[in-house]
Amino acid sequence: MIRYSEYLMPTSKETPSDAEVVSHRLMLRAGLIRKVASGIYNYLPAGLRVLRKVERIIREEMDRAGAQEVLMPAVIPAELWKESGRWEAYGKELLRFRDRADREFCLGPTHEEVITDLVRREIHSYRQLPLNLYQIQDKFRDEIRPRFGLMRGREFFMKDAYSFDVDEESAAVTYRKMYDAYGRIFRRMGLEFRAVEADTGAIGGSSSHEFMVIADSGEDAVVSCERCEYSANVEKAECPPDGSERPSSPSPGTPRKVSTPGKRTIEEVSSFLGIAPGLLLKTLLFETDKGDVAVVLSGSHEVNETKVKNHLGADWVKLAGEERVRELTGAPSGYAGPVGLSVRVLADHSVRGIACGATGANEKDAHLVDVVPGRDFQPEAYADLRLVEEGDRCPRCPGPLRFSRGIEVGHVFRLGTKYSKSLSATYLDAGGKERMIVMGCYGIGVGRTAAAAIEQHHDPDGIQWPVSIAPFEVCVLPVTMKNAALVKEAERVAEDLSGKGIEVLFDDRDERPGIKFKDADLVGIPLRVTFGEKNYEAGYAEIRDRKKGETVRVGISAIADRVCAELDLKRKECAP
């Protein structure tokens, strides 16, 4: 039992002006966190209790899946990151510094290099594999725009695990174990989530899944099929060829140049020419580490830069600036077209269905009409290069795709030999032949998961914690501290519940009942046992369910049994 009067949990009625999302506002108001600097927070006692509960669930499920806990340093020598090739590639989010001997280091945002270095020194034989190591540790990423409290901070707690296998088949088994463990973790936290196909991004590897907590405030768009289990984030979501064929009518004549003075946008050009936006061949020019590339797609669609990068196998892509567009086309932006263009041309599948289109003429104030893909220009390849849209056909079945919002709380990757090769992590197989270790990595944001739980579980009065990660399970609240007998009985019940292993906050503050009620709701304690004077005199107290908003009157002698029963039901709701 913890006495509120002795506990540091400074609640507030005021909404902080810099808090943009619900979880940030409520964690500040409920006295869970306090800001130190941009994206850096103190965790107050109740906030830390939540984090420790999240960590406990993670540890139990990681251990159950056969992973072993280690702890790696937060400070990493530059040599390891240079060896992997990420020292420059990672960008400014990597906080670099020098020690007194002028040696370069960084604060670890992730630990692929460190763990691979450990394994290459200690693992030499196939008999030592598979191996799965994890840690829960402080990380730092120097985000350009930290925001949303614990959602996108610079310093944060993360569970990162790394698996090591003899081949891809064994690695797939480990990946599935981790995937299943993540499902159990988030179900035990009482979260509604989806595992979605995702791009591997800066971590690299062959495939990955993000675990998204569904919430209207989510930063990420989640694409899901109405008929099957297909889900992906918007960067990864596939757009299959629509199967449309070019009409069998005679092809139009050669392309004709049409004056389009001042018409640059899809809307302006389609309106001026009197054609649908979908018949425009939109041409976008990209600079990449593989050279300049033109991407052509239907004017009714938007390009997906991640798909372009992945198709090219490029490390980076960016839209060409105005000056580069002029160099490549001889015209300002808005007039580019694939006909006669002297750079590589890629076309989205949507271009195949355009039998007679219009496009930029690579000349200011001019467009071409009667353009036929494959006749007037020949793409190097047709590929899926666009962003998926609401109502598009699912790539796995005929069902339509729908959008929702999600908060990424976990990510699992199949890394393959990306880091094994760069860091020379090998083993000897049964025949004595040296082979590359096959890796996977698996992350969960601890603080982000707690914040995501609030985004999904709150009401106008405050947080509604799932019982498995609530800072306390029960708040025992005497409405007045002036009635000694009432307080003594309330304290006896609180101690009785605590003796049964229940986490109890005893609100012994000399405050008005309304303040105590509001604070209990704000902090989000699942059950509240209230001792009012009239009920106490009649031998009763009230039990209020924070989530349901329901209050029942229970005899004082039956309170412990009723609270235990209610908590058992809530724990079953968080069963894996």
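**Exercise 1.** In this predicted model, determine in which strand Ile-543 lies, whether Ile-543 is buried or exposed, and which residues Ile-543 touches beyond four places away in sequence.

*Solution.* Step 1: Ile-543 belongs to strand E31, which spans residues 540-545. Step 2: the relative accessible area of Ile-543 is 4%. Buried means under 20%, so Ile-543 is buried. Step 3: leaving out residues up to four places away in sequence, the contacts of Ile-543 include Leu-527, Arg-528 and Val-529, as well as Glu-550, Thr-551 and Val-552. Val-554, Ile-559, Arg-562 and Val-563 are also touched by Ile-543.

**Exercise 2.** For helix H8 (residues 305-312), identify the buried residues, what covers them, and which residue caps the N-terminal end.

*Solution.* Step 1: the buried residues of H8 are Thr-306, Lys-307, Val-308, Lys-309 and Leu-312. Step 2: their cover includes strands E15 (281-288), E16 (293-298), E17 (317-319) and E18 (344-348). Step 3: at the N-terminal end of H8, Asn-304 acts as the cap, with a side-chain oxygen 3.0 Å from the backbone nitrogen of Thr-306. Step 4: just after H8, Gly-313 has a positive phi of about 70°.

**Exercise 3.** Classify the mutual orientation of helices H2 and H11, and describe the residues of their contact.

*Solution.* Step 1: H2 (residues 45-64) and H11 (residues 446-456) pack at about 110°, and their axes are 9 Å apart. Step 2: angles of 65 to 115 degrees count as roughly perpendicular; H2 and H11 are therefore roughly perpendicular to each other. Step 3: H2 contributes Val-50, Leu-51, Val-54, Glu-55 and Ile-58, which meet Val-446, Gly-447, Thr-449 and Ala-450 of H11. Step 4: the residues of this contact comprise six nonpolar, two polar and one charged.

Notes:
Residues are numbered from 1 along each chain as its sequence is written. This is a predicted model: local features need pLDDT of at least 70, side-chain atom pairs count only at pLDDT 80 or more; totals for chains, interfaces and linings use all residues. Side-chain values use heavy atoms; hydrogens and water are left out. Helices (H or I, at least four residues) and strands (E, at least two) are DSSP runs, numbered from the N terminus. Buried means under 20% relative accessible area, exposed over 50%, partly exposed in between (1.4 Å probe, protein chains only). Contact means heavy atoms within 4.5 Å. A polar contact is a pair of N or O atoms within 3.5 Å; within protein, one must be able to donate a hydrogen and the other to accept it, and residues adjacent in sequence count only if both atoms are side-chain atoms. Axes are lines fitted to C-alpha atoms, for helices over the stretch in contact, and angles run from 0 to 180 degrees between N-to-C directions. Angles under 35 degrees count as roughly parallel, over 145 as roughly antiparallel, 65 to 115 as roughly perpendicular and the rest as oblique. Ala, Val, Leu, Ile, Met, Phe, Trp, Tyr, Cys and Pro count as nonpolar, Asp, Glu, Lys and Arg as charged, and the others, Gly among them, as polar.
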